[in-house]
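Student: Before we use the vocabulary of this model, I would like each label checked against its cut-off.
Tutor: Here is the model.

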Amino acid sequence: MLTTAVPDRDLLVDHRGRPRAGVRTGLTHDQALLGTAFHEAGHAVLALVHGMHLVTSEIVAWMSAPGQSTVTGRTNFSAARIEDVHPWRFAAGAAAGSLAQVRYLMDYGLWTPERAAACPGTHDRDHAVDVLAGMGYRLGIGHVPPGGKSWGQVRGMAWRRIDRLWPQIRTVAHAMHENTKLTGDQIAAMTGLTNAPSPGGAA
């Protein structure tokens, strides 16, 4: 649903508190909204496959200027300990959002180099770099660090998972496009995947 209200601040900034970059896509509002749904569905489905507890996944749209809409999204998941999730799987889940968005452009006849470049997922990449650094793993941008992996390698891992899980991602994206917000249990039910129990509580 399109609103004139500016969303919560945490939807407008990354984990470091920096404003997320806005990019013009040249898509219609509905095309951009569905693309964002695919982005969040990529995060959500890989979170389930990687054994995390998925809380919610949602898309948000608002009128950011006269005649101009802005769309973004958010997927919340948790694990009892981040160390329990394989670090490269965590990173692949971070990469999955932008890659699912690009796959959407390709499958729906909307792909152009400019539109693909508008799906960089920079905030997802930086989040993965920081989380893995806190665990003692090195994720390089544009290079393979000693003992670590590059973001390009992680994207390759994510792309293979997206290809295998595309039917589930597509199902979740269209459901999110229709309903705006889905719970982890709803997503698990519609994909046939398992939602891990909530850390410290019931499933």
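Tutor: The questions below take some labels in turn and set them against their definitions.
Tutor: The model is predicted, and local features need pLDDT of at least 70, side-chain atom pairs count only at pLDDT 80 or more, and totals for chains, interfaces and linings use all residues. Residues are numbered from 1 along each chain as its sequence is written, and side-chain values use heavy atoms, with hydrogens and water left out.

Student: Why is Q101 called buried?
Tutor: Buried means under 20% relative accessible area, exposed over 50%, and partly exposed in between (1.4 Å probe, protein chains only). Q101 has a relative accessible area of 16%, so Q101 is buried. Q101 is found in helix 2, residues 87–107; helices are DSSP runs of H or I with at least four residues, strands are runs of E with at least two, and both are numbered from the N terminus.

Student: What is Q101 in contact with, leaving aside its neighbours within four places in sequence?
Tutor: Contact means heavy atoms within 4.5 Å. With those neighbours left aside, Q101 is in contact with G35, T36, F38, H39 and C119.

Student: What makes S150 buried?
Tutor: The relative accessible area of S150 is 10%, so S150 is buried. S150 lies in strand 5, residues 149–150. Not counting residues up to four places away in sequence, S150 touches L139, G140, H143, V144 and P145.

Student: How do you know that the side chain of N179 makes a polar contact with A175?
Tutor: A polar contact is a pair of N or O atoms within 3.5 Å; within protein, one must be able to donate a hydrogen and the other to accept it, and residues adjacent in sequence count only if both atoms are side-chain atoms. A polar side-chain atom of N179 lies 2.8 Å from the backbone oxygen of A175. N179 is in helix 5, and its C-alpha is 8.6 Å from that of E58, 121 residues apart along the chain.

Student: What span is expected of helix 4, and what span does helix 4 reach?
Tutor: The expected span is 1.5 Å times one less than the number of residues. Helix 4 has 13 residues, for which 18 Å is expected, and reaches 19 Å from its first C-alpha to its last, close to that value.

Student: Which residues of helix 4 are buried, and what covers them?
Tutor: D124, R125, D126, A128, V129 and L132 are buried. Their cover includes helix 1, helix 2, strand 4 (139–140) and helix 5.
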